[in-house]
Amino acid sequence: MWSRIETRALVDLNTLSACKIQAGLGTRFIGRTVVYRAEVGSTNDEARRAARAGAPEGTLVIADYQNQGRGRLDRGWVAPPGSGLLMSLVFRPELSAHQVQRLTMLCGLAVADAIERQTGLEAGLKWPNDVVIAGSKVCGILSEIEFEGPKVSFAVVGIGINVNLDPVLLPADLRLTATSLSREVGAEVARLPLLQALLQRIEERYSTIGLAHSLHREWAARLVTLGKAVTVSGTMPALEGMAENVNVDGALLVRLADGTLEKVL
Ligand code: BTN
């Protein structure tokens with residue numbers, strides 16, 4: 001008598017490749033062109049090179065490891081191989097320079113949506129471009145623009161999410177303020193469905209809401225920064241005051257001790 005042995009292909013939902021990312025993605029343009037690399041300097045630099053060479057809107061550059069990962073204010077972005085989502089998207093928006101923060105808002109909201117959908121965790125936003133869980137940073141966004149005369153030629157939005165990472169492995173100055181999804185959930189989180197959910201949320205927001213209308217109200221509702229005493233670094237000197245609101249372009253409105261309202265973008 002013959003018995004039939006059934007074999008079922010187990011799809012590894014944590015290992016990334018261009019084919020796996022695109023399979024079942026269902027988007028029209030976000031992630032329809034994928035450049036996947038095991039290791040790069042910075043995905044933002046790769047995406048910028050691709051955009052200069054004519055890469056279409058929505059091109060995704062994603063890597064398992066960056067040896068020159070960059071953050072805001074000339075800081076680095078450190079993540080052990082395979083521990084996170086390290087990605088950059090090319091956009092060719094009809095925006096003027098002061099409106100480009102709308103892209104960062106849109107992507108921040110999409111990251112928060114995707115995290116909540118895939119993990120059930122509650123995600124907040126920290127001005128200007130962090131996604132936080134219970135006050136600790138789980139994702140940073142770095143948007144960079146290139147101009148052609150006065151017009152935005154393209155924007156690269158870089159997103160780094162700590163997925164399966166023990167924050168103990170991070171440099172000492174980040175350990176206390178950073179977290180990861182696996183740490184918050186208490187188990188490994190599969191990177192592939194999280195990435196696909198994120199790409200779908202970005203496209204949904206980009207094509208239905210568009211960038212003609214600012215997302216600042218929805219963004220402000222998620223900002224954990226508002227109503228708090230803040231120190232804004234990156235200005236000279238650093239600004240201290242109470243974060244009251246954000247304006248349509250995402251600038252933070254800070255009430256200073258002398259009662260004046262300062263706009264910081
Ligand atoms: C920050 O919080 O300062 C922004 C961090 C942005 C990190 C991401 S990781 C993918 C992309 N490539 C980079 O070099 N940086 C961004």
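**Exercise 1. Work out how the ligand is held in this predicted model.**

Start with Ser42: an N or O atom in the Ser42 side chain sits 2.8 Å from an oxygen atom of the ligand. Next, look at how much of the ligand is covered. On its own the ligand would expose 410 Å², and the protein buries 98% of that.

Now add the nitrogen side of the story. Thr43 brings a polar side-chain atom to 3.0 Å from a ligand nitrogen. Arg70 uses its backbone instead, with a polar atom 2.7 Å from a nitrogen atom of the ligand. With a cut-off of 3.5 Å between N or O atoms, the Ser42 pair at 2.8 Å, the Thr43 pair at 3.0 Å and the Arg70 pair at 2.7 Å go down as polar contacts.

**Exercise 2. Describe the shell around the ligand: how many residues surround the ligand, and which are the closest?**

Count first: 19 residues surround the ligand. The closest are Ser42, Gln66, Arg70, Arg72 and Lys137.

Then sort the shell by character, which gives 5 nonpolar, 10 polar and 4 charged residues.

Finally, ask where they come from. Helix 2 (43-52), strand 3 (84-91), strand 6 (136-148) and strand 7 (151-162) each supply at least two shell residues. Strand 6 gives the most, with 4 residues.

**Exercise 3. Trace the sheet of 7 strands: what is its order, and which strands stand at the edges?**

Walk across the sheet and you get 1-2-3-7-6-5-4, an open sheet with mixed pairing. Strand 1 (34-40) and strand 4 (123-126) each have a single partner strand, so each has one side without a neighbour in the sheet. Neighbouring strands are turned by 20 degrees against each other on average, direction ignored.

Zoom in on one end: strand 4 pairs with strand 5 (residues 130-133) in the antiparallel sense, over 4 bridges. Here Leu125 has Val131 in strand 5 as its bridge partner.

Last step, bring in the helix. Helix 2 lies across strands 1, 2 (60-66), 3, 6 and 7, and runs at about 150 degrees to strand 7.

**Exercise 4. Do the same for the sheet of 4 strands: which are its edge strands?**

The order is 8-9-10-11, in an open sheet with antiparallel pairing. Strand 8 (229-232) and strand 11 (261-264) pair on one side only, which makes them the edge strands. Here neighbouring strands are turned by 50 degrees against each other on average, direction ignored.

To finish, check a pair: 4 bridges join strand 10 (residues 252-255) to the antiparallel strand 11, and Leu252 stands opposite Val264 in strand 11.

Notes. Residues are numbered from 1 along each chain as its sequence is written. This is a predicted model: local features need pLDDT of at least 70, side-chain atom pairs count only at pLDDT 80 or more; totals for chains, interfaces and linings use all residues. Side-chain values use heavy atoms; hydrogens and water are left out. A residue is near a molecule or strand if one of its heavy atoms lies within 4 Å of it. A polar contact is a pair of N or O atoms within 3.5 Å; within protein, one must be able to donate a hydrogen and the other to accept it, and residues adjacent in sequence count only if both atoms are side-chain atoms. Accessible areas come from the Shrake-Rupley method with a 1.4 Å probe; for residues, only the protein chains shown count as cover. Ala, Val, Leu, Ile, Met, Phe, Trp, Tyr, Cys and Pro count as nonpolar, Asp, Glu, Lys and Arg as charged, and the others, Gly among them, as polar. Two strands pair if DSSP finds at least two bridges between them. Axes are lines fitted to C-alpha atoms, for helices over the stretch in contact, and angles run from 0 to 180 degrees between N-to-C directions. Contact means heavy atoms within 4.5 Å.
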